[in-house]
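Here's a quick tour of a chain, starting with its annotated spans and then moving on to the aromatic side chains. Have the viewer open while you read.

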Amino acid sequence: MNEIWGSESLNIVWHWPVALYLFLAGLSSGSMMIALSVEWMNPKRMAPWDAFVKAGVAIAPISIIIGLIVLVFDLTKPLNFYQLLIHYNFKSVMSLGVLLLLLYTPLCIIYAILRYKELLESGLLKPIMDFLKVFLDYLESQSLWIGRIVFALSAGVGLYTGFLLSAIETYPIFNTPIVPILFLASGISSGIAACIFFGIIFFSKEISREKTKHLLTMDLRVIPIESLLLVTFFIGIYFQGGKEAIDALTSLYDGFWSYVFWLGVFGFGILTPCLIALSALKNHTYRVGYILLNAASVMIGVFILRIFILYAGQIYY
């Protein structure tokens, strides 16, 4: 077993940029799924719901594009990335993921353009928007079906980030079927938090206390599921058996990464937002500072979860 980082860091193949990519891809997936869910609950797209939709459809393409840029430049030969776009191996998780992202990313951008069409038509892009008016009007008429396709692709992206790791049999922490579901659930949680956080910051006039509490309640339902998946995740590792699996569990109680898990993942990402959200909902209070802290805690906790699984998985095996 590799004890902790230092000289053993030479055994680490995937570093923090990969964790950042996994986080941003999950954030994109969760934000789009929540934005579409909120939109379908409010088909007339009126305030205060519209603020969360606008936030989510903007976060989704921006975060996935940044994540892909980070991933490409983390490659040893980033200029050869284009080869993944023209050569596919349908037995490879990486290749299937590239195909999925090739469909998801442009559709995310198109959906964001449709939801920001009025704003874009009044800005510097007006000539381009006028030129594409007929095409965009047609897409708008089909937005329900486009949204359904994007929602399915979003869920696929959320699961894919986990399958990317679980397909690696060498490391017990990676090689468990719970990882994709855990990453999807935590991605949805971060998506809810991001919609609240950026919705309040950029569209505060369109947000009401009632609707913000609705999303907080939704997050409170996702976080326990995420917690249960974490418990199932480590139980599954234990029942894998063998010295490697038992060694992997030491990441929970020994060394630097145990502190990362209990303080970062559990304390900061699960306990803190639950306490804040429960307090806000129970006392019927609406303090913007606490709501923003809640959302930020969730997003940071999800990122730390990606960091923990990525590094602990490569160190403890």
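Residues 93–114 are 100% helix and 0% strand, with 31 Å between the end C-alpha atoms. Keep in mind that this is a predicted model. Residues 149–168 come out at 90% helix and 0% strand, and their end C-alpha atoms sit 29 Å apart. Both spans appear under "transmembrane region" in the unreviewed UniProt entry, which also lists residues 20–40, 52–73, 180–203, 215–239, 259–281 and 288–312.

Zooming out, the protein chain has 13 helices and zero strands, so if you walk it from the N terminus you just read α-α-α-α-α-α-α-α-α-α-α-α-α. Of its 317 residues, 51% count as buried. The protein chain exposes about 15,400 Å², and carbon and sulfur atoms supply 71% of that area. As for contacts between residues at least 6 apart in sequence, 80% of them join residues at least 24 apart.

Now the rings. How many aromatic pairs are there? The count comes to 14. One of them is Phe23 with Phe303, an edge-to-face pair at 5.5 Å centre to centre and 65 degrees between the planes. Phe23 belongs to helix α1 (residues 16–41) and Phe303 to helix α13 (residues 288–315), so this pair ties together parts that are 280 residues apart in sequence. Another pair is Phe261 with Trp262: the ring centres are 4.9 Å apart and the planes stand at 90 degrees, so that one is edge-to-face too.

Are the partners in these two pairs buried or partly exposed? Here's the rundown, residue by residue.

| Residue | Relative accessible area | Class |
|---|---|---|
| Phe23 | 10% | buried |
| Phe303 | 25% | partly exposed |
| Phe261 | 5% | buried |
| Trp262 | 42% | partly exposed |

The cut-off behind the table is simple: under 20% relative accessible area means buried, so Phe23 at 10% makes it, while Phe303 at 25% is partly exposed.

Phe261 and Trp262 also belong to a bigger picture: ring pairs link them with Phe233, Phe234, Phe266 and Phe308 into a cluster.

Finally, a couple of rings have an arginine over the face. Which ring does Arg306 cover? That would be Phe183, with Arg306 at 4.1 Å from the ring centre. Likewise, Arg148 lies over the face of Trp145, at 4.7 Å from the ring centre.

Key. Residues numbered from 1 in each chain as written. Predicted model: local features only at pLDDT ≥ 70, side-chain atom pairs only at ≥ 80, totals over all residues. Heavy atoms only, no water. UniProt positions renumbered as here; feature names shortened; annotations may be inferred. Helix = DSSP H or I, 4+ residues; strand = E, 2+ residues; numbered from the N terminus. Phe/Tyr/Trp six-rings, centres within 6.5 Å; stacked < 30°, edge-to-face > 60°. Buried < 20%, exposed > 50% of the residue type's maximum accessible area, 1.4 Å probe, protein only. Lys NZ or Arg CZ within 6 Å of the ring centre and 35° of its normal. Contact = heavy atoms within 4.5 Å. Areas by Shrake-Rupley, 256 points an atom, 1.4 Å probe, with all protein chains shown as cover.
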